[in-house]
Amino acid sequence: MITNRTPNSCSLLFGASFPSSSPSSLQIPARAHKRRSSVLRIRAETMETEKLGIKVERNPPESKLAELGVRRWPKWGCDPSKFPWTYTSKETCYLLEGKVRVYPDGHGDEFVEIGAGDLVEFPKGMKCTWDVSVAVDKHYNFE
């Protein structure tokens with residue numbers, strides 16, 4: 001369950017409509033085909049959520065990363081694997097690469113998925129299992 005959701009900016013714009021039909025018979029209207037770049041325009045901006053005690057900010061602006069000093073934090077990485085972890089301090093990390101499902105203890109099969117471009121905060125004392133499906137490269141900071 002998402003307990004906090006604060007969009008800073010998010011937009012989804014459609015420039016053309018298409019008839020409903022099977023994928024094999026889908027035809028793009030000629031006027032839409034000519035202006036393909038304006039048919040669908042998505043602007044992915046930062047979105048902060050908190051789920052199962054883990055805060056995730058997707059695509060934080062570079063200004064925020066600079067303010068936090070993220071690029072000066074140490075780096076850590078690992079290959080695809082699955083392992084238990086306990087946070088003895090609050091950790092904030094920024095994933096440069098990778099894809100992970102984090103399963104906090106006590107929540108059954110519920111997980112939080114994080115990946116490249118995510119700024120993530122794990123609370124002190126959290127026990128969880130990391131299931132790394134794509135090799136991780138991240139900056140991290142313990143408080």
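Visitor: Leaving aside its neighbours within four places in sequence, which residues is Trp 130 in contact with?

Guide: Beyond those neighbours, Trp 130 is in contact with Trp 76, Ser 81, Lys 82, Phe 83, Trp 85, Tyr 87, Val 100, Arg 101, Val 102, Ile 114, Phe 122 and Lys 138. Contact here means heavy atoms within 4.5 Å. Before we go on, please note that this is a predicted model, in which local features need pLDDT of at least 70 and side-chain atom pairs count only at pLDDT 80 or more, while totals for chains, interfaces and linings use all residues. Residues are numbered from 1 along each chain as its sequence is written, and side-chain values use heavy atoms, with hydrogens and water left out.

Visitor: Which residues touch the most other members of the largest nonpolar core?

Guide: In soluble globular proteins, nonpolar side chains tend to be buried together. A nonpolar core is a set of buried Ala, Val, Leu, Ile, Met, Phe, Trp, Tyr and Cys residues joined through side-chain atoms within 4.5 Å. Buried means under 20% relative accessible area, exposed means over 50%, and partly exposed lies in between, using a 1.4 Å probe and protein chains only. In this structure the largest core has 18 residues, and Ile 54, Val 100, Val 102, Ile 114, Val 120, Phe 122 and Trp 130 touch the most other members. Two or more residues of this core come from each of E5, E8, E9, E10 and E11. There is also a second, separate core of 5 residues, which includes Leu 65, Val 70, Trp 73 and Leu 119.

Visitor: Those labels puzzle me. How many helices and strands does the protein have?

Guide: The labels come from DSSP runs, numbered from the N terminus: helices are H or I runs of at least four residues, and strands are E runs of at least two. The protein has 3 helices and 11 strands. Along the sequence, they follow the pattern β-β-α-α-β-β-β-α-β-β-β-β-β-β. Among contacts with a separation of 6 or more, 73% are between residues 24 or more positions apart.

Visitor: How many salt bridges are there?

Guide: Side chains of opposite charge can pair when their charged atoms come close. A salt bridge is a side-chain nitrogen of Lys or Arg within 4 Å of a carboxyl oxygen of Asp or Glu. By this rule there are 9 salt bridges. One of them joins Glu 57 and Lys 64, with the closest N and O atoms 2.5 Å apart. Glu 57 is buried at a relative accessible area of 5%, whereas Lys 64 is partly exposed at 28%.

Visitor: Which parts do Asp 118 and Arg 58 tie together?

Guide: The side chains of Asp 118 and Arg 58 meet in a salt bridge at 2.4 Å, N to O. Asp 118 lies in strand E10 and Arg 58 in strand E5 (residues 54–58), so the pair ties together parts that are 60 residues apart in sequence. Asp 118 is buried at 4% relative accessibility, while Arg 58 is partly exposed at 33%. The side chain of Asp 118 also reaches the backbone nitrogen of Gly 115 at 2.8 Å.

Visitor: Where in the chain do Arg 101 and Glu 113 lie?

Guide: Arg 101 forms a salt bridge with Glu 113, with the closest N and O atoms 3.3 Å apart. This pair links distant parts of the chain, 12 residues apart: Arg 101 is in strand E8 (residues 91–104) and Glu 113 is in strand E9 (residues 112–115). Elsewhere, Lys 55, Lys 90, Glu 121 and Glu 143 are joined into one network by salt bridges that share partners.

Visitor: Over which residues does pLDDT stay under 50?

Guide: pLDDT is the predictor's confidence in each residue, from 0 to 100. Where pLDDT is low, the predicted coordinates should not be read in detail. Here pLDDT stays under 50 over residues 1–29 and over residues 32–43. The protein's mean pLDDT is 80, and 68% of its residues reach 70 or more.

Visitor: And what share of the 143 residues counts as buried?

Guide: Of the 143 residues, 31% count as buried.

Methods
Polar contact = N/O pair within 3.5 Å; in protein donor to acceptor, adjacent residues only side chain to side chain.
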